[in-house]
Each structure stands twice: as C-alpha cells, then as structure tokens.
Amino acid sequence: MATDIIIDRDLWEGDDECVITAWLASDGAQVSEGALIAEIMTAKVQYEVTAPASGTLSIAKAQDEVAGKGDVIGSIS
C-alpha cells in the first residue's frame, strides 16, 4: 500500500499555494522514512519535505509546479 506525500495544511499561514523548488530524490529512488526528499517555497519561506515512509518514491508533481495545501505531490510504496 502506498503512502501519499501531502503538503501539510498547517505548515504555514497565509498563502494556500507553494512551488516545488527541488526534488532531492529521483522518481523511482529508494528512500528511508524521515529522509529529506524535496523542498517547497511559499511566498516567504522555504520548507523541507521528508519521506513519511520507507520505500520507492513516485513523483506526482514535478519541480517548479505549483501545489496547494493538502495536495498529494507524490507517494512511497
């Protein structure tokens, strides 16, 4: 069963959108729970995204794409 990578609704206040500025792991890569896998940027702050589980990363939204709070940007299976 896959674990979704979701933009946390409570991560920041204000803007509802962010941009995926970098994927630090490639699509299909093996990742460990807690590992840094992506960076996102709001209008003011850059945040780090960590893997919610261990397994194979599947990227759903590409680098430089806009994502909203609660959006699934990838999964780990």
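A residue is called buried here when its relative accessible area is under 20%. The tour below concerns a predicted model.

**First stop: T42.** Select T42, which lies in the loop between strand 4 (36-41) and strand 5 (46-50). Its relative accessible area is 10%, so T42 is buried. Next, display the surroundings of this residue. Leaving aside residues up to four places away in sequence, T42 touches W12, E17, C18 and Y47.

**Second stop: strand 2.** Select residues 17-23, which form strand 2, together with residues 66-68, which form strand 7. These two strands run antiparallel and are joined by three bridges. Within this pairing, centre the view on V19, which stands opposite V66 of strand 7. Now add strand 4 to the selection. Strand 2 and strand 4 also run antiparallel, and four bridges join them. Which residue of strand 4 is the bridge partner of V19? It is M41.

**Third stop: the open sheet.** Select strands 1, 8, 6 and 3, which make up an open sheet of four strands in the order 1-8-6-3, with antiparallel pairing. Strand 1 (3-6) and strand 3 (30-31) are at the edges and have a single partner strand each, so each has one side without a neighbour in the sheet.

**Last stop: strands 6 and 8.** Within that order, select strand 6 (residues 55-59) and strand 8 (residues 72-76), whose antiparallel pairing comprises three bridges. To locate one pair of residues, label L57 and then I76 in strand 8, its bridge partner.

Definitions and conventions
Residues numbered from 1 in each chain as written. Predicted model: local features only at pLDDT ≥ 70, side-chain atom pairs only at ≥ 80, totals over all residues. Heavy atoms only, no water. Pairing = 2+ DSSP bridges. Buried < 20%, exposed > 50% of the residue type's maximum accessible area, 1.4 Å probe, protein only. Contact = heavy atoms within 4.5 Å.
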